[in-house]
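Me: Hi! I'm new to this one and would love a quick tour. Can you walk me through it?

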Amino acid sequence: MHVVDLDELAASLFISEVTLQNEVKLIRHEIAEYHLSLRTKNNTLFISGSEKDKKRLMIHLIYNEAQHTLVSMETLHAIFPRYDIQKIRSDILACLNSQHFFIDEYSLTNLLLHMLITMDQLGTAPNAPRYEVSTDLIELNRHFVSIIDSICTELEREYGIVFTRSNKYQFTLLLMTRAVRNQDVSLPSLSIHPSTMRLVDSIVQAVKQVYDIDLTDIDFFIPFALHIDNMLVRIRQNVSVHNPLLHSIKAMSPIIYDIAVYISNLINHQEHVQLCEDEIAYIALHLGGALETQKELANRVPAVLYCPSYYNMDSSLADRISRRMQGKILLTNVFTKESLLDQLTGSALVISTVRPHRVLDMPLVLISPFLTNSDIMALNRKVEEINTQARRENFRLSAILTPELFETGSHCTTREEIVHHMCSRLLALGCTTPAFEAAVMERESISSTAFGPFAIPHTLKMCSPRTCMAVYVSRTPICWGDTAVNLVIMLSFNPNDRKIFYDIFEPLSMILLDSNNLKGALLCKDYAAFIDFLVEHME
């Protein structure tokens, strides 16, 4: 047990004994949630509790120090100067590579941090009683056991410590729940519990029904199922993880995070577990790749190429355009005769090597038959113009935000008060049902919908009789969990309007995340000014 002299501590912090005693009271309250107590005896200060809980607190403090970023190697070196952290990291990666496993940087740092804390505890207090976890709850994968045994054997030899069976069990569990097979190893060798496969299948079906998003692709399904399988093991074994990208995912990918919240709620109900926000953010990371691919496909501008036939120039030029504009343009037709331009349907852009004699009712980009870099730049500019215009047209705020749904005031001071107030107004206007308020608070209980100084509360499912958006601009801060907001935008959606949800939710978040834009929005005193402001700032 490590004790600190109170007089020496006060002197080193340049504070009085009275101030130190006040700080001790605050710290006692903060560490109580880790089942630890801060005690004083004979003018000394020490923490009382299990080694497991002390480790949890230490991990929390380290990650809290770098809340919005990955804990860096420099940070670990500063905290644990006795160890060659770079070598330990390299040894872990070498063992994983030899067994054909991959681990992402965030998970590797998490594992490294747990190992360093354990090593530090073993080194400073080798005879202290150790917390022993039950090693009978699940069967450990032999590949991961072998990897951890190799790493621990080397660390024991290097630093003169002895890991307990419990230590190795925890390390193996951490590795099992974060590492995945490389793609060159056959997928059937992965062991995914049948119940997990059924769970993931139900998730995929639910996401299709609610969000009209297809997640059946095998490149998504199998890695995602493996992640969920490992995650359930981790949660049931009380193994905590930290996701350094949590805040940036919530802020920069609100739609993806919101779908991840919906999925986490399905898991909560079906598996009787509770996912923390860090776990939700890892689900969002898995969703991100699949959804971004689908988003790119949906955002490709359909175009036709008009190129008079000359030694197969039309065919080779079409191939080059498709190759260099991959993901941005979808060539639907190649015409060699100008008269065929009359048949344009479903296209948004004409690309031509010659200027047509007729007037076209859609954008035209003239290019060289050799497709120069200048041509590519011109095509990129036009594609961005078309997509921006489409986003503006889809950002139909006036269709769902009517004058009676805009309000300013200062009579609500808490999240519960403002949610009740706004839900009551929506119910009176026939936008929602009596169950709407409870559904909004259920969504809040999983993960806050506050984005700094503004919040966008909504339900997990689109189940309202009418699609609408209510706005409340508060002249005084409203307490919203751990933060305070001055702008609340409540969304109520009918299932038939899910596309409007996509068109509104993410652009709205992106506009208001800019602090200058948010200040401007808070200055709006009426409905018309608010609408004009948001449309003006729509990219």
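Reply: Happy to; below we go through confidence, sheets and helix packing in turn.

Me: What is the mean pLDDT of the protein chain?

Reply: This is a predicted model, and the mean pLDDT of the protein chain is 81. Of its residues, 85% reach 70 or more.

Me: Where does the pLDDT drop below 50?

Reply: One such stretch is residues 66-70, which has 9 contacts in the model beyond near neighbours in sequence. Another is residues 128-138, where pLDDT stays under 50 and the model has 23 contacts beyond four places in sequence.

Me: Okay, sheets now. What is the strand order in the open sheet of 4 strands?

Reply: The order is 7-6-8-9, and the pairing is parallel. Strand 7 (329-335) and strand 9 (364-366) each have a single partner strand, so one side of each is left without a neighbour in the sheet. On average, neighbouring strands here are turned by 25 degrees against each other, direction ignored.

Me: And how many bridges join strand 6 to strand 8?

Reply: There are 4 bridges between strand 6 (residues 301-306) and strand 8 (residues 349-352), and the two run parallel. If you want a spot to look at, L305 stands opposite I351 in strand 8.

Me: Got it. What about the open sheet of 5 strands, which strands are at its edges?

Reply: That sheet has the order 10-13-14-12-11, with mixed pairing. Its edge strands are strand 10 (406-409) and strand 11 (450-451), each pairing on one side only. Inside the order, strand 13 (residues 468-480) and strand 14 (residues 483-492) run antiparallel and are joined by 9 bridges. For example, I478 has V485 of strand 14 as its bridge partner.

Me: Which helices pack on that sheet?

Reply: Helix 19 (residues 498-513) does, touching strand 11, strand 12 (454-455), strand 13 and strand 14. The direction of helix 19 makes about 165 degrees with that of strand 14. Helix 20 (residues 515-522) packs there too, touching strand 12, strand 13 and strand 14, and its direction makes about 75 degrees with that of strand 14.

Me: Switching to helix pairs. At what angle do helix 7 and helix 8 cross?

Reply: Roughly 130 degrees, with the axes of helix 7 (residues 142-159) and helix 8 (residues 165-176) coming within 9 Å. The two helices are therefore oblique to each other. Helix 7 passes helix 8 in a right-handed crossing. Helix 7 brings F144, V145, I147, I148, D149, C152 and E156 to the contact, while helix 8 brings K168, F171, T172, L175 and M176. By class, that contact has 8 nonpolar, 1 polar and 3 charged residues.

Me: How do helix 12 and helix 18 pack, what's the angle?

Reply: Helix 12 (residues 254-271) and helix 18 (residues 436-446) pack at about 95 degrees, with their axes 10 Å apart. That makes helix 12 roughly perpendicular to helix 18. Where they meet, helix 12 offers D258, V261, S264, N265 and H269, and helix 18 offers E442, R443 and I446. The residues of this contact divide into 2 nonpolar, 3 polar and 3 charged.

Me: Last one: which residue in the hairpin of strand 2 and strand 3 takes a positive phi?

Reply: N42, with a phi near 55 degrees; the hairpin has 2 residues between the strands. Strand 2 (residues 37-41) and strand 3 (residues 44-48) pair in the antiparallel sense over 5 bridges. Within that pairing, L38 has I47 of strand 3 as its bridge partner.

Me: Great, thanks!

Key
Residues numbered from 1 in each chain as written. Predicted model: local features only at pLDDT ≥ 70, side-chain atom pairs only at ≥ 80, totals over all residues. Heavy atoms only, no water. Axes fitted to C-alpha atoms, helices over the stretch in contact; angles between N-to-C directions. Parallel < 35°, antiparallel > 145°, perpendicular 65-115°, else oblique. Left-handed = near helix turned anticlockwise from the far one by under 90°. Contact = heavy atoms within 4.5 Å. Nonpolar A, V, L, I, M, F, W, Y, C, P; charged D, E, K, R; others polar. pLDDT = per-residue confidence, 0-100. Pairing = 2+ DSSP bridges.
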